[in-house]
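Biologist: I'm new to this one, and I'd like some help reading it. Could you walk me through it step by step?

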Amino acid sequence: MLFEMTGITKRFGGLVALDRVDFSVREAEVMAIVGDNGAGKSTLIKTMSGAHAPDDGVIRMAGEAVRFRSPQDAWKSGIATIYQELALAGKMTVADNIFLGREIKRPILGIPFLDRAAMRKRTAELLNQLDVHVPSLDSWVETMSGGQRQGVAIARALNMDARLIIMDEPTAALAVAEVRKVLDFVTRLRGQGKSVVLISHNIQDVFAVSDRISVMRHGRRIAVRETRTTTPEEIIGLITGASEVRAAAS
Amino acid sequence: MAEATDPRPAFRVASPTATRELVLFIAIVVVGAGFSLASPYFLTVGNLVQTLRAALELAIVSAGMTLVIIMGGIDVSVGGIMAVSAILIGKSYQAGLSSWVVAPIGLLSGAALGAWNGFLTTKLRVPPIIATLGSMYIFSAIMFLVIGGAWISGLPGTLSPLVNGWVVGIPASLLVILAVYGIGWVLLRQLPYGRHLHAVGCDERSAGLVGINVDRTKIAAYSILGLLAGFAALLYVARLRNVEINIGTTVALEAIAATILGGTSIRGGFGSLLGTLLGVVFIRIIQNGLVLIGVSSLWETVIIGGLLITVLTADAWRNRNNPRIA
Amino acid sequence: MDALMGRLRGDPLRTRLMVLLGLWLVALVAMSLVSPYFLQARTVPYLLQYVPILGLLGLGQTLVILAGGPGIDLSVGSIVSLVGVFVGALVTAGIGVWPASAAGIALGAGLGFINGFLVNVLRIPSLMATLATMFAFGGLALATTQGRPIGGFPPEFGWLGQGTTLGMPNAFLFVLLPVAVVLHVMLTRTVIGRHIVACGNDDRAAHLAGLNVTRVRVGLYVLSGVLSGIGSVISMSWFLAARPDAGKGMELLAVTIAVLGGTHIFGGTGGIPGTIVAILIVTTLQIGLQLANISAAWQLGLIGVLLIASVSSSGGFKLGLFRRSLGAGA
């Protein structure tokens with residue numbers, strides 16, 4: 001088990017966003033998180049990525065208990081996150097964004113100068129790997145299309161050389177061809193031995209790439225299924241609570 | 001991930017503020033030409049050097065202000081920081097301390113006051129305009145309490161060669177300005193901290209999400225501005241040998257004006273130190289020129305205000321297609 | 001008691017008002033301890049004479065900030081100065097002092113419109129735009145008069161700024177009080193008041209609901225200009241002269257009063273009563289310290305501390321403490 005959360009609870013004032021959630025991800029696995037709006041998906045991954053601190057519960061990375069006090073801590077533990085809103089700095093270039101917070105430095109007399117040449121080279125490599133085309137490496141990110149920006153965000157996560165990559169609704173705003181690329185990329189990551197946590201409300205995408213599916217509802221994880229052995233109908237039923245109703249009625 | 005058939009034109013200019021810098025440079029040349037036609041004294045070495053020396057403090061403070069504004073903040077209390085630092089410097093000199101001790105005192109006091117502003121805006125989450133407004137009141141109060149309405153006079157001019165001296169035929173003031181802006185440029189463009197400043201100014205939340213220590217970035221920026229204000233205070237004392245009651249009253253607004261004229265965006269995220277320097281030169285040339293042709297210096301403020309409005313309108317027109325936060 | 005606590009807990013503005021009134025009480029007590037002259041009967045009208053000009057500016061600022069944007073008007077002091085110079089020039093040219101004043105107030109409206117236009121139509125951030133107009137208007141006032149005040153106002157003009165009726169200064173009784181009441185009623189009971197608060201809370205939602213956000217905000221900048229113009233008239237009436245630096249420094253105090261009074265700097269929350277009490281607090285401190293011969297420096301410092309304390313930790317450090325002491329779990 002690469003990553004494990006046990007009994008995680010998170011409250012915002014009087015609202016319980018996560019209620020004793022258990023969650024785990026194996027090595028080289030794609031785990032999908034599905035659920036209706038407000039089910040707690042985003043809160044869960046923000047807790048995983050270090051943006052929120054849980055009020056209760058234990059997080060374990062590769063067997064060791066960890067506490068993330070900031071996104072930097074999570075990154076140091078090997079978790080890279082691609083947020084739904086991408087978290088890109090609009091008025092900065094592609095290279096700037098990819099290396100924000102983890103710039104390549106070239107110390108001269110002890111002063112850490114930016115190694116722009118190295119960063120540009122690596123940026124070109126990463127974009128190539130992902131098959132992302134941008135008009136110019138010096139363009140400002142805010143001038144690019146949604147798909148290109150998604151590519152930059154993914155390149156940034158790739159650059160972090162993480163063991164676990166979290167993607168929050170990566171295909172939500174993309175065209176069909178772009179979605180294909182993202183899903184291929186997810187599969188490729190698994191092939192490299194990395195794990196991916198994927199939030200999506202698109203059941204098709206989920207069934208296309210995931211190994212297991214966790215269903216969130218009202219802040220609880222109510223079910224985990226192996227993708228091979230379940231069906232879209234069952235998952236949707238779990239998301240909407242239809243199966244509960246059916247169970248209660250029978 | 002789309003192909004390169006994206007219809008939107010990419011932003012190809014290496015430096016988005018290049019246009020503004022060019023325009024300012026041309027404006028300086030034009031205005032300078034105009035003044036030299038109107039007054040024989042304008043283009044003399046003596047006058048230009050004099051103007052340079054008068055611009056020294058504003059230039060130094062403006063460099064720091066540019067950093068803070070790029071970071072997305074603002075500081076209207078720098079005049080007060082200058083004043084308090086100057087008082088500490090004056091009192092230290094009067095106590096007989098040598099410049100070797102006084103200089104660090106001036107710099108550190110400025111940095112400390114700047115850090116105070118940083119603290120207010122980060123840990124207490126006070127909006128920068130309010131925090132620095134309040135600080136300005138407090139610093140002014142400290143100044144009045146310590147020296148009342150009197151000046152501190154008769155201070156030693158040990159550091160005045162930095163202002164008035166010459167090095168191989170070049171005015172020391174010019175070298176000081178170039179040094180400060182050179183270091184500032186390195187900080188902004190060649191060090192990771194510069195990237196962090198831009199990122200925080202662009203989108204604070206995103207910067208935090210990708211792991212940048214936003215609070216620390218902000219406090220550092222305000223502290224640097226404070227440090228530079230302290231440096232300006234040192235040079236002020238070196239130049240005038242006094243601490244006068246009106247020290248620093250206009251420096252904050254002029255620094256902000258120079259920074260905005262120079263192309264730095266008031267919303268933060270991008271800016272130009274070169275532009276700020278040109279802005280400082282422009283402002284001081286106008287002031288100097290007006291005096292030489294006999295126009296009351298009271299018209300300066302009107303002109304600067306008018307220029308600012310023009311520049312801001314031009315910026316707004318340029319951004320007219322960008323959806324804004326309503 | 002439970003009902004009172006319940007109502008207090010539920011309405012942050014009311015809580016703020018209570019805190020402010022308490023603060024004013026503390027200020028009154030402190031000042032009377034500090035100076036024996038403070039509690040004399042003469043002091044109250046004296047206090048109230050300072051209040052109108054700053055009060056009008058503070059009220060205008062409150063509404064501008066309230067409507068969001070974020071909105072702020074740093075040029076109010078300069079508008080006061082420029083309107084004064086304008087009226088002075090008209091009077092010197094022979095125009096009657098009251099028509100000249102009316103023209104001056106109209107100028108204030110025009111200057112306010114310029115601000116509103118820059119901020120809301122051209123979308124220049126309000127801080128910068130009003131900073132620039134502050135430079136421009138203030139500089140104009142100083143440059144056209146060479147820094148010299150304009151005199152020659154007829155003595156009967158002094159009725160507004162110097163005269164008293166029933167022991168209360170006229171400017172307070174006949175200008176500030178009615179204006180405050182009208183604005184308060186407008187804000188809390190009319191449709192336009194609802195619209196102002198809506199714009200400050202969420203302008204996108206307001207826009208989608210059909211409100212003309214731009215028109216509301218420009219209107220408030222015009223109002224701020226008008227109030228500054230009126231303030232200028234009162235100031236001239238008081239001194240019987242138009243000083244080109246009459247408004248210097250007032251913008252900062254106006255913002256301080258608005259923010260101290262509970263108006264949130266990003267808009268959406270705030271109100272007239274809070275601003276009024278804030279004015280009283282600030283003026284009480286100023287007068288008290290002055291009577292006690294304590295230097296202006298302490299006043300400045302105190303105002304600075306007040307300003308920061310009232311905005312700390314998103315919406316009032318004291319407020320947070322107060323809430324927590326009530327045991328509010330939410």
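**Rings and cores**

Modeller: Let's start with one residue: C:F157 has a relative accessible area of 0%, so C:F157 is buried. Keep in mind that this is a predicted model.

Biologist: Which ring pairs with C:F157, and how do I describe the pair?

Modeller: In general, a pair of aromatic rings is described by the distance of the centres and the angle of the planes. Here the partner is C:W98: the centres are 5.1 Å apart and the planes are at 70°. Planes over 60 degrees apart count as edge-to-face, so that is what we call the pair of C:W98 and C:F157.

Biologist: Where do the two sit in the chain?

Modeller: C:W98 is in helix α5 (residues 97–121) of chain C, while C:F157 is in the loop between α6 (126–145) and α7 (159–162). They are 59 residues apart, so the pair links distant parts of the chain. C:W98 is partly exposed, with a relative accessible area of 43%. Add C:F153, and C:W98, C:F153 and C:F157 form one aromatic cluster.

Biologist: How many aromatic pairs are there over all chains?

Modeller: The count comes to seven. One of them joins A:W140 and B:F270, with centres 5.3 Å apart and planes at 50°, so we call that one tilted. This pair crosses between chains: A:W140 is in the loop between α4 (116–130) and α5 (146–159) of chain A, and B:F270 is in the loop between α11 (251–261) and α12 (273–292) of chain B.

Biologist: Are A:W140 and B:F270 buried or exposed?

Modeller: A:W140 is buried, at a relative accessible area of 11%, and B:F270 is buried too, at 13%.

Biologist: What about charges lying over rings?

Modeller: Try A:R102, which lies over the face of A:W75 at 4.3 Å from the ring centre. In chain C, C:R243 lies over the face of C:F239, at 4.7 Å from the ring centre.

Biologist: Now the cores. What's the general idea?

Modeller: In soluble globular proteins, nonpolar side chains tend to be buried together. In this model, the largest nonpolar core has 191 residues, and B:M82, B:I130, B:I256 and B:I260 have the most contacts inside it. Helix α10 (residues 214–240) of chain B supplies the largest share of this core, 14 residues. A second, separate core has 38 residues, including A:L127 and A:V179.

Biologist: Which residues is B:I256 in contact with, leaving aside its neighbours within four places in sequence?

Modeller: B:I256 is in contact with B:M65, B:I69, B:I74 and B:V76, plus C:M128 and C:L131.

Technical notes
Residues are numbered from 1 along each chain as its sequence is written. Chains are lettered from A and ligands numbered from 1 in the order in which they are written. This is a predicted model: local features need pLDDT of at least 70, side-chain atom pairs count only at pLDDT 80 or more; totals for chains, interfaces and linings use all residues. Side-chain values use heavy atoms; hydrogens and water are left out. A nonpolar core is a set of buried Ala, Val, Leu, Ile, Met, Phe, Trp, Tyr and Cys residues joined through side-chain atoms within 4.5 Å. Buried means under 20% relative accessible area, exposed over 50%, partly exposed in between (1.4 Å probe, protein chains only). Helices (H or I, at least four residues) and strands (E, at least two) are DSSP runs, numbered from the N terminus. Contact means heavy atoms within 4.5 Å. Rings of Phe, Tyr and Trp (its six-membered ring) pair if their centres lie within 6.5 Å; planes under 30 degrees apart count as stacked, over 60 as edge-to-face and the rest as tilted. A charge sits over a ring if NZ of Lys or CZ of Arg is within 6 Å of the ring centre and within 35 degrees of the ring normal.
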